[in-house]
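Take a look at the model below. This report walks through its DNA contacts first, then turns to the protein itself.

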There are 2 protein chains.
Amino acid sequence: MSSMSTKSAPTLQRSGKYAGKAASTRQAERRKKLLAAGIKLIGREGYAATSIDAVCHEAGLTKRYFYESFTNSDQLLVEAYRTVTQEYLSTIMRATRPHLKDSRKLVRAGLQQSFGFVKDNPDKARLIMIEAMSVRSQLGEMYGKSYNEFVELLVGFTKPFLPDSGPGDALLAVMAKGAVGAITHLCQGWIATGFRQPVDELVAGTELIFSGMGRELGILA
Amino acid sequence: MSSMSTKSAPTLQRSGKYAGKAASTRQAERRKKLLAAGIKLIGREGYAATSIDAVCHEAGLTKRYFYESFTNSDQLLVEAYRTVTQEYLSTIMRATRPHLKDSRKLVRAGLQQSFGFVKDNPDKARLIMIEAMSVRSQLGEMYGKSYNEFVELLVGFTKPFLPDSGPGDALLAVMAKGAVGAITHLCQGWIATGFRQPVDELVAGTELIFSGMGRELGILA
DNA sequence: CATATTTGACACGATGAAGTATCACATATA
DNA sequence: TATATGTGATACTTCATCGTGTCAAATATG
């Protein structure tokens, strides 16, 4: 039933631009907004209490754009976790880079940055240290993977200082995991009690744990 | 409008007994069944995936009896957490009682029992170490409270061995919290990876952490 | 200006779980 | 046996959220 009167159909207008930006740019911006909103809400209210509608409202977008970037809320959580974990890890690496040769300074810088990040970003800390554990789904592997990145970071920090007579890799890995657990758990408790305890106390106590491990490993006198 | 024909209302029959047991007994049994079902399902499927209907079905009861014992599923989780935590703590105290004088044996016995309980009761372990953190509500305090019991247990274990020159209580508390965190985190990872790692490796690694802390505290050479 | 696409606001149906109520059957006592 | 209460199954209402669909206004382009 197409009328042959006018050739209106072909060679229509399109370029993908809107509001000055290209389609891919806008889409990336939306995704970023949603991710930020998700991090904020999940970290603040908890994953179970965070609906997709709420995330969209916080981001100033509508559900359509949520499903443009994520398939469901689990996916958002996974991405949020990945993003924040990466950020956390980066800040620690940045803070420790100048002290890779001095084990004491290295430990102190790493711990101060760890606790510092938590205090400066309570929402993000809650997200990666508390909310992330609860969800099964893909996050299980995700969590394990990111967690291992921390463990490997720690092992990497330690290796240069190790004497030949040190314990095997298996034991070293267990100790590193335990150390990550100690920090994580202290952060969890710290968050839960509203950051009442002074950072220095936490750092000092954790330093003792680390220096004890160092001694067991043959580092330090 | 009450008919005066018969005085059928007064002095009716009642004693509360049914199926041989008193009312309070039956009610206690139902509560126990629900609690056991809740522990099993929450530990196995996760809190978010555990509906009240499922708990009732697992317990062989109906919803009416759920609301007889609990006001909502949060309450069930709290009670389940409290119950299992108490049990966990008890088994550790029992296992360590014979070794309160020998710090090395004490640590080893405590750790073996800790990891042993987790492996023997994976559902319960998952419940108190993973699922418990997810819920805000009353569980926040609950978690903190039970968590502190573990910390105090550890501090209690340590105190007899401490020299006068040890660090202050604040530092000691931080270290104990960290130690609990190390164990908890190792258990979490162990659970998540299907208990593949041998217990002895976990115990050995954790022992190193503890003996390192002991050295820092002035215990052991 | 005309047309096509992007956007925002909102409506819609489906789902699942919470919490309550109803009904028939079982058990104890007079 | 008759009656009141305990029990089990299940229906019911309510509610929130998910995921999708619709429609008008805004924007870019010929």
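## DNA strand C

Helix α3(B) gives the largest share of the surface near DNA strand C, 3 residues. Here "near" means that a heavy atom of the residue lies within 4 Å of the strand. Helices (H or I, at least four residues) are DSSP runs, as are strands (E, at least two), and both are numbered from the N terminus.

The model is predicted, so local features need pLDDT of at least 70, side-chain atom pairs count only at pLDDT 80 or more, and totals for chains, interfaces and linings use all residues. Residues are numbered from 1 along each chain as its sequence is written, chains are lettered from A and ligands numbered from 1 in the order in which they are written, and side-chain values use heavy atoms, with hydrogens and water left out.

How many residues surround DNA strand C? There are 21, and the closest are A:Arg26, A:Arg30, A:Arg64, B:Ser15 and B:Lys63. Of the atoms of DNA strand C that come within 4 Å of the protein, sugar and phosphate account for 60%. By class, the surface holds 8 nonpolar, 7 polar and 6 charged residues. Ala, Val, Leu, Ile, Met, Phe, Trp, Tyr, Cys and Pro count as nonpolar; Asp, Glu, Lys and Arg count as charged; the others, Gly among them, count as polar.

Several polar contacts reach the DNA. A polar contact is a pair of N or O atoms within 3.5 Å; within protein, one must be able to donate a hydrogen and the other to accept it, and residues adjacent in sequence count only if both atoms are side-chain atoms. The table lists contacts for both strands.

| Protein atom | DNA atom | Distance |
|---|---|---|
| B:Ala19, polar backbone atom | strand C, phosphate oxygen | 2.9 Å |
| B:Lys63, polar side-chain atom | strand C, base nitrogen | 2.8 Å |
| B:Tyr67, side-chain N or O atom | strand C, phosphate oxygen | 2.8 Å |
| A:Gly20, backbone N or O atom | strand D, phosphate oxygen | 3.3 Å |
| A:Tyr67, side-chain N or O atom | strand D, phosphate oxygen | 2.8 Å |
| B:Tyr65, side-chain N or O atom | strand D, sugar or linking oxygen | 3.3 Å |

## DNA strand D

Now for the other strand. DNA strand D has 20 residues around it. A:Ser15, A:Ala19, A:Tyr67, B:Arg26 and B:Arg64 come nearest. Sugar or phosphate supplies 60% of the strand D atoms within 4 Å of the protein, and bases supply the rest.

Which helix gives the largest share of this surface? It is α3(A), with 3 residues. At least two residues each come from α2 (52-59) and α3 of chain A, and from α1 (23-45) and α3 of chain B. The classes split into 7 nonpolar, 6 polar and 7 charged residues.

## Aromatic pairs

Over all chains, the structure holds 12 aromatic pairs. Rings of Phe, Tyr and Trp (its six-membered ring) pair if their centres lie within 6.5 Å; planes under 30 degrees apart count as stacked, over 60 as edge-to-face and the rest as tilted.

Take A:Tyr88 and A:Phe150. Their ring centres are 5.3 Å apart and their planes meet at 45°, so the pair is tilted. The pair links distant parts of the chain: A:Tyr88 sits in helix α4 (residues 73-96) of chain A and A:Phe150 in helix α7 (residues 139-158) of chain A, 62 residues apart. A:Tyr88 is buried, with a relative accessible area of 4%. A:Phe150 is buried too, at 16%. Buried means under 20% relative accessible area, exposed over 50%, and partly exposed in between (1.4 Å probe, protein chains only).

In chain B, B:Phe66 and B:Phe70 form a tilted pair, 5.5 Å centre to centre with 45° between the planes. Both B:Phe66 and B:Phe70 are buried. In chain A, the residues A:Phe66, A:Tyr67 and A:Phe70 form one aromatic cluster.

## Two positive phi angles

A:Ala19 has a phi near 55°, a positive value in a residue other than glycine. A:Ala19 lies in the segment before α1 of chain A and is exposed, at 74% relative accessibility.

A:Phe195 has a positive phi near 60°. Is A:Phe195 buried or exposed? At 17% relative accessibility, A:Phe195 counts as buried. Its place is the loop between α8 (169-192) and α9 (199-216) of chain A.
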